[in-house]
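Okay, everyone, thanks for squeezing me in. Let me put the structure up and then walk you through one corner of it.

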Amino acid sequence: FRQSNRSQQFVRQVQAEARLNAAAGGLDDIQAEGEEGFRAEGAEGGVAFSAEEEALLMEQSRRQEYIDTGLLLHSLFQQIATTADIDRVLGAFEAEGLLTSTSVSRRQLQEMIQRALRNKQVASWFDGSWQLYQECGIASLDPQSHQPVTLRPDRVMRSADGRQVVVVDFKFGRPHEGYDEQVQRYMNLVAQIYPEVTVTGYLWYVLRGKVEGVGLRPKLRVES
């Protein structure tokens, strides 16, 4: 499993950043509510919480669990080329200790993956009929800094006859209007590389079981 070390580094880095952001947000919320926050009790300096603070911390914990599970599923799907790879990829992540980042078990993760693949359109992307460009990097320029960047769509596939390329971006949260532009940028860059093919793009909201088509915008400014 050649990508396991890279996946491990990616997951741990992003999760560490997410935890720091969530922790900072939690403290800001407590202060914004005008609560005293923490109050020491007993000789050993124990910490007690108001009911509001306890509810907030529980919500933060649930939110972080959702983030951690989404990050893990995102990394898993990036490594799954076809449905035949599910057990192997889960086993490799388990052997690396990567499944301990969330309380969700391997069996539950497998069920989540299989449930996500019940969507007929999604299932077709993982049936082995496409040529898959894993960890596909596309060179471009950042539109603000104008510095070289490498964009990495989650999944880029080319049909067996070579006439169609599909770009898919995985999402695990709520829809956001900026996501369309992100996928359109990927699509325009791919269209520049393969001008003879039809390029289509999708946003896949994995946990919601929803697939949204994204239209190619030829007039969209592309830095390359």
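Let's start with a piece you can trace by eye: strand β7, helix α6 and strand β8 together make a right-handed β-α-β unit. Helix α6 covers residues 178-193. Keep in mind that this is a predicted model.

Now look at how the two strands of that unit sit together. β7, residues 164-171, pairs with β8 in the parallel sense, over eight bridges. If you want a spot to click on, take Val 167, whose bridge partner in β8 is Gly 201.

So what does β8 do on its other pairing? β8 also pairs with strand β9, residues 210-214, this time in the antiparallel sense and over five bridges. Here you can click on Leu 203, which has Glu 212 in β9 as its bridge partner. β8 and β9 form a hairpin with four residues between the strands, and in that hairpin Gly 209 takes a positive phi near 65°.

How enclosed is β8, then? Six of its eight residues, in the run 198-205, are buried, so the strand is largely enclosed by the rest of the structure. Buried here means under 20% relative accessible area.

Okay, zooming out to the protein chain. You've got six helices and nine strands, and 37% of the 224 residues are buried. Of the contacts between residues at least 6 apart in sequence, 64% join residues at least 24 apart. And the surface: the chain exposes about 13100 Å², with carbon and sulfur atoms supplying 48% of that.

That's my bit, happy to rotate the view for anyone.

Technical notes. Residues are numbered from 1 along each chain as its sequence is written. This is a predicted model: local features need pLDDT of at least 70, side-chain atom pairs count only at pLDDT 80 or more; totals for chains, interfaces and linings use all residues. Side-chain values use heavy atoms; hydrogens and water are left out. Buried means under 20% relative accessible area, exposed over 50%, partly exposed in between (1.4 Å probe, protein chains only). Helices (H or I, at least four residues) and strands (E, at least two) are DSSP runs, numbered from the N terminus. Two strands pair if DSSP finds at least two bridges between them. A crossover is right-handed if, with the strands pointing away from the viewer, the path from the first strand over the helix to the second runs clockwise. Contact means heavy atoms within 4.5 Å. Accessible areas come from the Shrake-Rupley method with a 1.4 Å probe; for residues, only the protein chains shown count as cover.
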